[in-house]
Amino acid sequence: MEGRDKGSDAKGFGISTVREKRESFRTEIRRDKINELLTQKRIKGVTSSPDKESLHYENLSVEERSSLIEEQAKKFVYAQETKDRDGLCRALSTMREVVSATIPPLVEPLISTGIMTKVLPLLNFDLVNETLVQEEASWLVLNVLSSESKYIEDLVDAGVITTLVELLRSPHIKVVGHALWSLANITGDLPAFRDMVLEFPNFMERLIEKFNDFPKLPLEIQRILLWISSNLSRKPFPSFEALFELLPFLAELIPQVEDEEAAVDLFQAIINMTSEDEQVEEVMKLGVASDVVDTLKRDSEKVVAFALRLLANLTSGDDNLTQEILDIGLLEHLERLLSHPGVRVRQNALWTLSNILAGDEAQIEAVISTKLLALVDQQMLHGEEEVQGETLFCFINILINPSPEQLRFLLSQFKIVEKILTFLERGNKRQKAQALLGIERLLEKGVIEGQRNPYAEYVEAIGGRKLLEEVTKDLDPKVAARAGKILDNFYSAD
């Protein structure tokens, strides 16, 4: 979550700095998984119901399949010229079966025939009564839009977006499904394509019409609607205004959508739409907090993890908004979920907790009065590597706004500095950088002109100064320089 600024210390090391670096790191480790998931979703519409013929074609060589595609393209042209509707459908069906027989679809031979310039006009809305023709033609187009960007760009340049948006009005659910899936593939491919779809006249109107009918739609169409919503809001983020119309519909669906795949995409869409404080405020105005917290009771590990990720965003705004969520009973859920077997659940629970700990004194006290800090300690000692990393953010964020009494507890009983120094000694370079931020945050609190810094003395007494001196020799120059700066600022007088 970027841009969070619940508090800052004297030198401006606010939570926004931590969040920006943290989101950058987590984006890196998620990128490959996200791309893999997108690929799976893009081809699912092509291969979800394989025909017996498709299974037969997968045993043919690429050369044999390419020859078949070329042969069927000629039959398609002949059927079109002779107005043979049945022959047209057979040619389209066979081309689609041959192309989709393997993953990824074999698109290049199809494009090479030039046949797509003749297929696209079959999707015009004035042919909406040609149900079988449009089903097969739209399915073949979906195959192409499930492949490489260069082929998607070819169809976009040929005006496929116009055609697909109009097809959303079709009374035939299979055609609508193919059109939605095709648009989802386009929006998930490149940000430029996504923006073209968002800016297209009537697109949002057509999409909202589908959301109005959401309860009546087949599950597969519901899934596609929520997937395209998550694609529309992916990084780099479009303008919030472009998506604002969707938010009330998405918010209303939180307690209604029980299917795991659909719920994950629903939460992902709202997560994407809450990247800034102003957006968090708008979403909270819709009254989503209670429904999101209730989702934490579900059995699905994935859904709970994504709900927690959304809560991490929602607790990153104003303290008053965070308090609204705490008043619903979030901390009780976090206590339970920090013992969950799922790594992603515990990771996101800690992320949410770290945001709460960056809040005001009352919110910090609410956490201290529970078992949560002990559970964080357990995860630091025994959790997986990615979970342990999240505990560090809890430790450094709680140092932003504690009261003097809370700080004394954290130092003397919780031994928070010792925990942070553990990351400084053994962590990776990112963890070392964040540990240094935590130490610096503490030392800043002890700066009083003309007086000794009690926190600097404490850090030195437990071996922190010596460790900082060792870190000045770190292989990472930024880490080494940051450690040197802390020594210069707080220990140079010695």
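Helices (H or I, at least four residues) and strands (E, at least two) are DSSP runs, numbered from the N terminus. This is a predicted model, where local features need pLDDT of at least 70, side-chain atom pairs count only at pLDDT 80 or more, and totals for chains, interfaces and linings use all residues. Residues are numbered from 1 along each chain as its sequence is written, and side-chain values use heavy atoms, with hydrogens and water left out.

**Exercise 1. The whole protein**

Task: State how many helices and strands the protein has, and what share of its residues is buried.

Solution.
Step 1. Count the elements. The protein has 31 helices and 0 strands.
Step 2. Apply the burial cut-offs. Buried means under 20% relative accessible area, exposed over 50%, and partly exposed in between (1.4 Å probe, protein chains only). Of the 494 residues, 56% are buried.
Step 3. Look at the contacts (heavy atoms within 4.5 Å). Take those between residues at least 6 apart in sequence: 72% of them join residues at least 24 apart.

**Exercise 2. Leucine 92**

Task: Find the helix that holds leucine 92, decide whether this residue is buried or exposed, and list its contacts.

Solution.
Step 1. Locate the residue. Leucine 92 sits in helix H4, residues 85-99.
Step 2. Check its accessibility. Leucine 92 has a relative accessible area of 0%, so it is buried.
Step 3. Set aside neighbours within four places in sequence. Leucine 92 then touches Phe76, Val119, Leu122, Val133, Glu136, Ala137 and Leu140.
Step 4. Compare sequence and space. Isoleucine 69 is 23 residues from leucine 92 in sequence, and their C-alpha atoms are 9.8 Å apart.

**Exercise 3. Helix H12**

Task: Explain why helix H12 counts as largely enclosed, and name what covers its buried residues.

Solution.
Step 1. Count. Helix H12 covers residues 203-212, and 7 of its 10 residues are buried, so the rest of the structure largely encloses it.
Step 2. Name the buried residues. In H12 they are Phe203, Met204, Arg206, Leu207, Ile208, Lys210 and Phe211.
Step 3. Find the cover. It includes helices H9 (160-167), H10 (173-189), H11 (191-199), H13 (219-232), H14 (240-243) and H15 (247-253).

**Exercise 4. Salt bridges**

Task: Give the number of salt bridges in the whole structure, then work through those of lysine 419 and arginine 465.

Solution.
Step 1. Fix the rule. A salt bridge is a side-chain nitrogen of Lys or Arg within 4 Å of a carboxyl oxygen of Asp or Glu. The whole structure has 21 salt bridges.
Step 2. Take lysine 419. Its partner is aspartate 377, with the closest N and O atoms 3.0 Å apart. The pair links distant parts of the chain: lysine 419 is in helix H27 (residues 416-426), aspartate 377 is in helix H24 (residues 372-382), and they are 42 residues apart.
Step 3. Check burial. Lysine 419 has 11% relative accessibility, so it counts as buried.
Step 4. Turn to arginine 465. Its side chain meets glutamate 460 at 3.3 Å, N to O. It also meets glutamate 469 in a salt bridge at 3.7 Å, N to O.
Step 5. Place the second pair. Glutamate 469 and arginine 465 both lie in helix H30 (residues 464-471), 4 residues apart, about one turn of the helix. In general, an α-helix has 3.6 residues a turn, so residues three or four places apart point the same way.
Step 6. Compare exposure. Arginine 465 is buried at 16% relative accessibility. Glutamate 460 is partly exposed at 36%, and glutamate 469 is partly exposed at 37%.

**Exercise 5. Backbone exceptions**

Task: Locate the cis peptide bonds before proline 104 and proline 236, and the positive phi angles of lysine 83 and lysine 415.

Solution.
Step 1. Recall the usual case. Most residues other than glycine have a negative phi, and most peptide bonds are trans.
Step 2. Take the prolines. The bond from isoleucine 103 to proline 104 is cis, with omega near -5°. Proline 104 lies in the loop between H4 and helix H5 (108-112). The bond from lysine 235 to proline 236 is also cis, with omega near -10°. Proline 236 lies in the loop between H13 and H14.
Step 3. Take the lysines. Lysine 83 has a positive phi of about 55°. Lysine 83 lies in the loop between helix H3 (62-81) and H4, and counts as exposed at 75% relative accessibility. Lysine 415 has a positive phi of about 55° too. Lysine 415 lies in the loop between helix H26 (404-412) and H27, and is partly exposed at 37%.
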